[in-house]
Amino acid sequence: MKHLTTLYDLTPSDLMDILQRAADLKALFKKGERPPLLQGRVLAQLFEKPSLRTRNSFEAAMIHLGGSGIFLTTAEAGLNGRESLQDIAKVLSSFSDVITMRTFSHSLIEDFAKHSNCPVINGLSDERHPCQALTDLLTIQETLGQLLDVHLVFIGDGNNVAMSLAIASAMAGMKMTLAAPKGFEYSIEFLKELSVRYPKHRVRQVESPTEAVRTADVVYTDVWASMGQEEDAMRRNKAFAGFQVNEKLMKAAPKDARFMHDLPAKRGLEVSDGVMDGPQSIVFQQAENRMHLARGLFAWILGK
């Protein structure tokens, strides 16, 4: 039985297999074909945080593959203390074929997976967002035709998305640069673990967005204050004031560079309308691919 709590649960070969399955299923989908590979299978979703793309992409993916979905909030699942986590995991996994979780605490997902009798997938936690990173690689590969040596530049906080992208870039042989103000870089602990697992991979960190994008193939940004960080938004907005991805910054990048954002976006803060809706943006292709990646992931993790 396989879990996906972090990309470290995968080998580079696993990653490429998932991307290929997603690409193949997307190609069939565009032809109007939806093979019921998971007919009769049940997806359970357990979310502490609200979601548009994560919940609906997972549920649509399972339905397209012939299965069905159940959705549970914190209170409905008993994560508010009504039952022990161990009991919840054992019971819910006995009803389900695969479970996706979207939580504040990463350790909650890891602890749940230890007691689950079916695969558990991290739909987002405070430390990792593996499905988003897999989606992003799928989008880059279909747009640029390759992943090897592609230069991905992340403008913003070294958050869960940025960390998962750093791991994914190491696994795929990509180049990675993080442009962040002091105090918002990758943690030393994260970089140490990444270097132990992928010693040949180096993540470049700079404070200048303009410097970072000069050789970028992809310019990527995210909100400056994630869900749960609302009280810190004012401080973060001030710290990131010079890090907006706008038309001026994109002009400093190669003319064929693409723009990505995992959404939801705070238009006018981390990104301008002109970039979001401009010709270099592949944001909505990226958003659609959340569903196609989920289909490939479900097929892979359930062995179909």
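**A parallel sheet, a cavity and two residues**

In this predicted model, five strands make up an open sheet in the order β7-β6-β5-β8-β9, with parallel pairing. Strands here are DSSP runs of E with at least two residues, helices are runs of H or I with at least four, and both are numbered from the N terminus; two strands pair if DSSP finds at least two bridges between them. At the edges sit β7 (203-206) and β9 (258-261), each pairing on one side only. On average, neighbouring strands of the sheet are turned by 20 degrees against each other, direction ignored. Axes are lines fitted to C-alpha atoms (for helices, over the stretch in contact), with angles running from 0 to 180 degrees between N-to-C directions.

Further in, β5 (residues 151-155) and β8 (residues 218-221) pair in the parallel sense over four bridges. Phe 154 has Tyr 220 in β8 as its bridge partner. Helix α6 (residues 130-144) packs on the sheet and touches β8 and β9, its direction making about 160 degrees with that of β9. Contact means heavy atoms within 4.5 Å.

As for empty space, the structure holds one cavity of 30 Å³ or more, and the largest cavity has a volume of about 30 Å³. A cavity is a set of points, on a 1 Å grid over the protein atoms alone, where a 1.4 Å probe fits but cannot get out; lining residues have an atom within 4 Å of a point. Grid points are joined across faces, edges and corners, and the volume is the space filled by probe spheres set on the points. The lining includes Arg 53, Gln 132, His 261 and Asp 262. Helix α13 (residues 283-301) gives the largest share of this lining, four residues.

Ala 287, one of the lining residues, has its place in helix α13. Ala 287 counts as partly exposed because its relative accessibility is 21%; the class lies between buried (under 20% relative accessible area) and exposed (over 50%), using a 1.4 Å probe and protein chains only. Beyond neighbours within four places in sequence, Ala 287 is in contact with Arg 53 and Leu 263.

Ser 169, in helix α7 (residues 160-172), is buried, with a relative accessible area of 0%. Neighbours within four places in sequence aside, Ser 169 is in contact with Met 174, Met 176 and His 201.

Residues are numbered from 1 along each chain as its sequence is written, and side-chain values use heavy atoms, with hydrogens and water left out. Local features need pLDDT of at least 70 and side-chain atom pairs count only at pLDDT 80 or more, whereas totals for chains, interfaces and linings use all residues.

Note on methods:
1 Å grid on protein atoms, 1.4 Å probe; cavity = no way out; pocket = protein on both sides within 12 Å on 5 of 7 lines; lining within 4 Å.
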